[in-house]
Amino acid sequence: MLHIPIWKRIIIWGLCATALIFAMPNLFYDRVERYSDAERMVEMAGEIATDEQAVDLDLWPGWLPSTIVHLGLDLRGGAHLLAEVQVEDVYADRMDALWPAVRDLLRDERDTVGNIRRQESEPAELRVQISEPDGMDRALELVRDLAQPVTGGAAPGSTDLDIGSDGDEIVVTLSDAERRATDDRTMRTAVEIVRNRIDEVGTREPNIQRQGAQRILIQVPGVDSADEIKELIGTTARLTFHPVLDSTSDPDTTVDTGEALFPSMEEEGRYYLVESAHVVSGDQLVDAQPSFDENNRPAVNFRFNPAGGRAFGDFTAENIGSPFAIVLDDEVISAPVIRSHIPGGSGIITGDFTVEESTQLAVLLRSGALPAELTFLEERTIGPELGQDSIDAGRIASIVALAAVLGFMLLSYGLFGIIANIALLLNIGMIFGLLSLIGATLTLPGIAGIVLTIGMAVDATVLIFERIREELRTAKGPARAIELGYEKAMSAILDANITTFITAGILFAMGAGPVRGFAVTLGLGILTSVFTALFITRLMIVMWFERKRPKTFAI
Amino acid sequence: MRLKLVPQDTTIDFFKHWKTTFGASMVAMVLSLVVVAIIGLNFGIDFRGGTSVRTQAEEPIDIAEYRAAVEGLGFGDVNITEVYDPGFADDENVAQINIQAQEGQESVGSDTIAELERTLQEIDPTLSFTSVESVGPTVSGELIQAAVLAVAAALGAVLFYIWLRFEWQFSLGAVAALVHDVTLTLGIFAILQIRFDLAIIAALLTIVGYSLNDTVVVFDRIRENLVKYKKRPLKEVFNISINETLSRTVMTSVTTLLALLSLFVLGGDVIRGFVFAMIWGVIVGTYSSVFVSSAVLLFLGVKRDWSKATDEAAGTRFAKPNKEA
C-alpha cells in the first residue's frame, strides 16, 4: 500500500540535493565572495590574474556553484537613493536649440514677416514675435517645415513640434508624442550616465534601475554616506565653451536675448557676460583625464571628437586675442584668452582645483553630462556597523528559534518529530538554495521571514501528523493510517498555503526594498515547506515503515 | 513520554458563550478604531515624510540636551527617543531622531544632515550617525497609497479564493476574521505608539496570511464534517471540527510563537516593532479563526447538502473523494 516508485524517490532526493548544493556556498560566504570578485576582475582584465587574484581563485572549486545570497543594504550598509529626473529640462534645451534655426529661416523672409524677436516664455515653449501680423500664415508655414517625424515613438505619422499662433506671436512647443519619446530617451541616457559614474568609483554590485516614468533607483553597498553618491550623480556636469562678451562685478547687468551671465568659480563676485549659444560642448568630448598645468596646479586634460575638434579649432583660429569661457553647469571655471589657434581638438582646463576636484571633474566629463537635473525623493544610508549588528542579532535569533522549534517537535512527536526536524532543516537549506539560485537579496525583514518560516513550516507537517494520529484510532492498520493521513490533510495544506502564498505575492508586487525581501523569503518558505511536508516527510516515513514494518505505532 | 499540550479528545463547547466572545471582539474592534481616530498612529517617515537619524555615542544620552541643541537648528517638529536593546554594549548609546519633512524640499539635503551631526558632536564628540533615512512627501504619499492598496488587494484576493474553494459564507467569515485582526493590530499600535512604517504593513499582511492559514484549516474540517455528520446541528458540527483541529492549531501557534519570541528578544531593536506586530497577530489570529470566523459562519448559516455539491464540484477540490464516506 505504502509504495513510492524508485524514480519518484530519485527525483525527490535529487531536487533536495540540488537545492542544498546551491545553498552550500553560503556556508563559505567570505571565500566565495572573494572568489567571485577575483573571477570578475580577471574576466574584465582579459584572463590575466594577478598573484593576489590567483590566490583568491583557488579558494573555491570552479565547478561548484558560486552564487551566494546577496545581503541587502540594511545588512551590509550602504546608500539607497531614489532620484527623479527633471525630464522637462530637456524641453527647454530643445527650444533653445530650435531658436537659431527659426531665426535664420524667418530672417530670409523679412519682407513678408517683418522683424522677428524671441519673447519671454515658459521654458518649454518658444515664442517668436513678428512685426508684420499679415505674414503670420507664411511664417507658420515656414516654421512647420522644421518639424520632423517623431523617432522611436509609438505614434507613427506624428511630428515633433506643435506650432500655432497667439496674436502676433508664433508659439512652438514639443508635441505630446515627441515629449513621450524625449522623456524615454532622457531616462535611458540618465540611467546610463548614472551607471557610468557609479562604475567609475568601482564599488561592488551597485544596483541602478529605472523606476516608473521618471525615476531612478540607485543602491550602492558599502558607502558610508549618501553624500558621496549624490555629489557624483547630482551634478549635471554640462561643460560648454562660450565666447566672452564682457566681464563685470555687477550681478544685475542687463542681459539681452542671446546672452547669458554666469558667475565665476575662481573669483567671488565676478561675472562673465557670454553668448548663450555655445561653440562646443561636453557631448563632443571623447576623453578627460586629471593632470597638472605648467605651474603644477591640478587641471583636466580633454580631447574632442573630430567634429568638436574642428569647431573648437575654427573658433580659436578666428578669435585669437579674445577670451572664451569654460562653463560647467552655469558657472565659469575659467576664462582664458586665446593665445593661438588650437588644432587637434585637445586642450586643458585649468582653474582653482584641488587634486580631488580635478579627478572628479575628469570622471564627470568622461561619463558624460546628465541630460536633465536629478532631484532626490528618498535617501537612506545604513552604516556598516548597524548592518553587522543586525546580521549578528538575526543569526542568533534564528539559531535559538530553530533550536526551540526542533526541541519542541522532538518532545511532541518523538521519532516522527525527528523526521519532521530533518525535513525542517532540509527546508531551510532549500530556502537558501533557492534564494541563491534566483539571485535574491536577503534583508533584515527577509531574515524575519525565514524565522517565521521556521515556525510555520512545521504547520503542514503538524497537519499531517495530527491527521495520522486521528486515523490511527479508526483506520485499519498503521499503513492505511499513514496513507489516509496524507490524503486527508492534503486539502487543508493546499488551501492554507495557497492563501498565504497569495498574500506573499501581493506583498512582493507592491512592496519596495526590504518589504519585498520579506515577501520573497516568505513565498519561497511556503513552497519549500509544502514540498518537504508532502514529499520528504512521506518518503522518510515510508522508508522507516518498510524497514520496521510495525504492527502499531504511536505519534 | 510525549509532550501533549492538548489532550487527545477534547469536547470544549466553543460556542457556549459565542454571543459574549463575538460581542467582545466587536467592542475591541470599535475601541481600536476609536483609539486610532483619537490618539492616531505613530507614523514613521515612510508614511509621513521627513528624516530619521539613528545616532550612536559612547557617553550616556541626555535626551533634553539633544533636544535643546536640535531645536536651535529650526527644523520644526523634532522627535527624539532613546533606543534600548539588551544586545547593546555599555558604550553603545543609541538614539533615534525624527525630523519632519522640510518645506520645499523632497529628501533632506546633505548640508542639513552635516549641520545636525556637527551640532550633536558638540555635545558628545564620540557621536556618529549609524543610519540616515530621508523620505520626501511625494514618496511617502505614494507609499501610503500603495500600503492601503496592498492590504485591500490581499483581502480581496483572499475573499475570492475562499469563495471559489468553499462557499460565500466561508469567505465572509474569513474576511471578517482578517478585518478583526488588522483592526486590533492597528489599535494596539495606536495605544503603545509603536512606530508604524512600511515594515509594519508587511507584518500586517503576514498576519492576514497567518490568520487565514488557521481559519482555512478549521473551515476545511468543517466542510469535511458537514458531509460526515449530515443530520447533526450546525453548532455541534462546528464544535467537533474545532476540537478535532485544536491540537494542530495549538502546535502551530506554539512553534510560530517560539520562533517569533526568539526574534523579539534577540533580533535587535530595528525589527522589534515588526516582530511585535506578528506576535500579536498570531495570538489574535488564532483566537479569531475560532471565535470570529466560525461565529460569523454560524450566524450566516451554511448549505447542509454537501454530498451533491462535492460530486459536482469534485473537479475543483484537491482532495480525492472520501472513499470511506
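In this predicted model, Ile382 of chain A stands opposite Ser131 of chain B, the latter lying in strand β5(B). The two residues belong to a wider meeting of the chains, in which 63 residues of chain B are in contact with 64 residues of chain A. The points below take up that interface, then the domains of chain B, and then a sheet within chain A.

**The side of chain B that touches chain A**

- Five elements of chain B, namely β5 (128-135), α5 (137-165), α7 (198-228), α8 (234-266) and α9 (272-300), each supply at least two residues of the side that touches chain A.
- The largest share of that side comes from α8(B), which provides 14 residues.
- Sorted by class, the side of chain B that touches chain A holds 35 nonpolar, 18 polar and 10 charged residues.

**Strand pairing between the chains**

- Strand β18 of chain A, made of residues 374-382, pairs with β5(B) in the antiparallel sense, and the pairing runs over 5 bridges.

**Helix packing between the chains**

- Helix α15 of chain A (residues 478-510) and α5(B) have axes that come within 9 Å and cross at roughly 155°.
- Because angles over 145 degrees count as roughly antiparallel, α15(A) is roughly antiparallel to α5(B).
- The crossing in which α15(A) passes α5(B) is right-handed.
- On the chain A side, the residues of α15(A) that meet α5(B) include Asp495(A), Ile498(A), Thr499(A) and Ile502(A), while those of α5(B) include Ala146(B), Leu149(B), Tyr161(B) and Arg165(B).
- The residues of this contact between α15(A) and α5(B) divide into 13 nonpolar, 2 polar and 2 charged.

**Domains of chain B**

- The domain assignment of chain B gives domain 1, which covers 18-42 + 140-310, and domain 2, which covers 50-135.
- Between the C-alpha centres of domain 1 and domain 2 of chain B there is a distance of 38 Å.

**A sheet in chain A**

- In chain A, 4 strands form an open sheet in the order β3-β4-β6-β5, with antiparallel pairing.
- The edges of this sheet are β3 (116-119) and β5 (161-166) of chain A, each of which pairs on one side only.
- Neighbouring strands of the sheet are turned by 25° against each other on average, direction ignored.
- β3(A) pairs with strand β4 of chain A (residues 125-130) in the antiparallel sense over 4 bridges, and Arg118(A) stands opposite Val128(A) in β4(A).
- Helix α7 of chain A (residues 136-144) packs on the sheet, where it touches β4, β5 and β6 (169-174) of chain A, and the direction of this helix makes about 165° with that of β5(A).

Notes
Residues numbered from 1 in each chain as written. Chains lettered and ligands numbered in written order. Predicted model: local features only at pLDDT ≥ 70, side-chain atom pairs only at ≥ 80, totals over all residues. Contact = placed C-beta atoms within 7 Å. Nonpolar A, V, L, I, M, F, W, Y, C, P; charged D, E, K, R; others polar. Pairing = 2+ DSSP bridges. Axes fitted to C-alpha atoms, helices over the stretch in contact; angles between N-to-C directions. Parallel < 35°, antiparallel > 145°, perpendicular 65-115°, else oblique. Left-handed = near helix turned anticlockwise from the far one by under 90°. Domains from an automatic or database assignment.
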